[in-house]
Amino acid sequence: MVIYFSGTGNSLAIARKIAEATNDQVIPLMEAVKLDLSGEARIGLVYPSYDFAPPPAVQKLLPKLRVNLQAYIFVVIDCGAQVGISSWFARHVFKQMGAKVAFCDKIRVPDSAGIAYKRNPNKQIWKFTKYASRLERIIDDIKNNRSAIHYGGWSLLGWISINTSFGQKMIKAFKPAANPDKCIGCGTCARVCPVENITMQEREGAKPIAVTGDNCTTCLACVHFCPHQAMQLGKTSVEKSWQYHHPEISLKDMIRK
Ligand SMILES: Cc1cc2nc3c(=O)[nH]c(=O)nc-3n(C[C@H](O)[C@H](O)[C@H](O)COP(=O)(O)O)c2cc1C
C-alpha cells in the first residue's frame, strides 16, 4: 500500500508511479488512518516537506496509522530542495510504534510555495529532468525491498519548524484566504482541501465566499487550483500563470473522494 499526502499533486504523482510498479494500492493518508493495515507486507509513505518538516496534517496523522510492525516500510519525500526533518520524523514515529523504516529517499520537484518567494513553480519544470531517472532508481530499490536511508537525518531547522513559536508563525504565514472581490463561492477550494478546512459562507448581496478554518495544513491546494485565482497568501494574489500542479495530476485527481 502506498499512502500519500499531497497539495499540488507532486507527492500523488510519485506515489502512483511507485504503486504502478509494485502493484500496490494508492491511498490518501486521511483514509489510511481509518484502516487496519496490519495485513500489509509493504507500506510506503510519500509526502512533501513543508518548512523543513512534514505538513502539520502528516505530523498529526502518522502516529495514528495501524501498521504491520514487520512490514517493509519506505518513505519518499518530495521537496523543492531540502527535506529537513521530514523523513526523520517518520523514522521516529515508526520506531516508537516498534516498526522500522527500511528505505528513505527524497526527490526534487517544483516548489509549490515558490509563489510566496517570487519564484514561479512553473519555471522550475527543469527539476523534472533528473526526476524520472531518480524515481526509477527509487522504484527499483523499493521493488526489491532494499534497505537504505539516503535522506533520513535529524535537522535543526526542521525541529524549529515543528517545536517553536517561530515555526508556528511560518506555518500561519502560508494560510490562504479568499479575496472577497474575486471569490464566487464555486467551492473548488473546499473540494481539494485535503483536511476539509474550507467552507462556503453566504454573503448578502454577493455570491458566497470561501472561508478557511483553523486547521489549515498549508498545502496551498486551494491557491493553486482556484479557477478564479481568488485564494491569496496575505496580500499576495496569484496569477494564473503562477498556479502550479504536477503535470500528470489533474484537478479531478485532487478532489477529495
Ligand atoms: C507551505 C510550504 C512549505 C514548503 N517548504 C519547503 C521546504 O522547507 N523545503 C523544500 O525543499 N520545499 C518546500 N516546499 C515545497 C514542497 O515540498 C514541494 O513543492 C512538494 O513537492 C509539494 O508536494 P505536494 O504537491 O504533494 O503538496 C514547501 C511547500 C509548501 C506549500
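Colleague: What covers the buried residues of H6?

Modeller: The cover of these buried residues includes helix H3 (56–61), helix H4 (86–97) and helix H7 (165–173), where contact means heavy atoms within 4.5 Å. This is a predicted model, in which local features need pLDDT of at least 70 and side-chain atom pairs count only at pLDDT 80 or more, while totals for chains, interfaces and linings use all residues. Residues are numbered from 1 along each chain as its sequence is written, and side-chain values use heavy atoms, with hydrogens and water left out.

Colleague: Which residues of helix H6 are called buried?

Modeller: In H6, which spans residues 156–163, they are Gly 158, Ser 161 and Ile 162, and the word applies because each has under 20% relative accessible area (exposed is over 50%, partly exposed in between, with a 1.4 Å probe and protein chains only). They cover an arc of only 90° around the axis, which places them on the same side of H6; the arc is that of the directions from the helix axis to the C-beta atoms.

Colleague: How do you know where the buried residues of H5 lie around the axis?

Modeller: Helices (H or I, at least four residues) and strands (E, at least two) are DSSP runs, numbered from the N terminus, and H5 has 16 residues, 128–143, reaching 22 Å from its first C-alpha to its last, close to the 22 Å expected at 1.5 Å a residue. That expected span is 1.5 Å times one less than the number of residues. Phe 128, Tyr 131, Leu 135, Ile 138, Ile 139, Asp 141 and Ile 142 are its buried residues, and since their arc is only 155°, they are on the same side of H5. On the other side, Thr 129, Lys 130 and Glu 136 are exposed.

Colleague: What do the buried residues of H5 pack against?

Modeller: They pack against helix H1 (10–22), strand S4 (42–48), S6 and strand S7 (101–108). S7 itself is mostly covered, with seven of its eight residues buried.

Colleague: What makes S6 and S7 a pair?

Modeller: Two strands pair if DSSP finds at least two bridges between them, and S6 and S7 have seven bridges in the parallel sense, with Ile 73 standing opposite Val 101 in S7. S7 is also joined to S8 by two bridges, again running parallel, and there Cys 104 stands opposite Ile 149.

Colleague: In what order do the six strands of the open sheet stand?

Modeller: The order is S2-S1-S4-S6-S7-S8, with parallel pairing. Strand S2 (26–28) and strand S8 (148–149) each have a single partner strand and stand at the edges, so one side of each has no neighbour in the sheet.

Colleague: Why does the largest nonpolar core lie between domain 1 and domain 2?

Modeller: A nonpolar core is a set of buried Ala, Val, Leu, Ile, Met, Phe, Trp, Tyr and Cys residues joined through side-chain atoms within 4.5 Å. The largest one here has 84 residues, and those with the most contacts inside it are Ile 3, Ile 18, Leu 62 and Leu 65. Its largest share, seven residues, comes from strand S6 (residues 72–79). Both domain 1 (2–165) and domain 2 (172–254) give residues to the core, so it lies between them; the bounds come from an automatic or database domain assignment.

Colleague: How many residues of domain 1 are in contact with domain 2?

Modeller: There are 32 residues of domain 1 in contact with 26 residues of domain 2, and the C-alpha centres of the two domains lie 24 Å apart.
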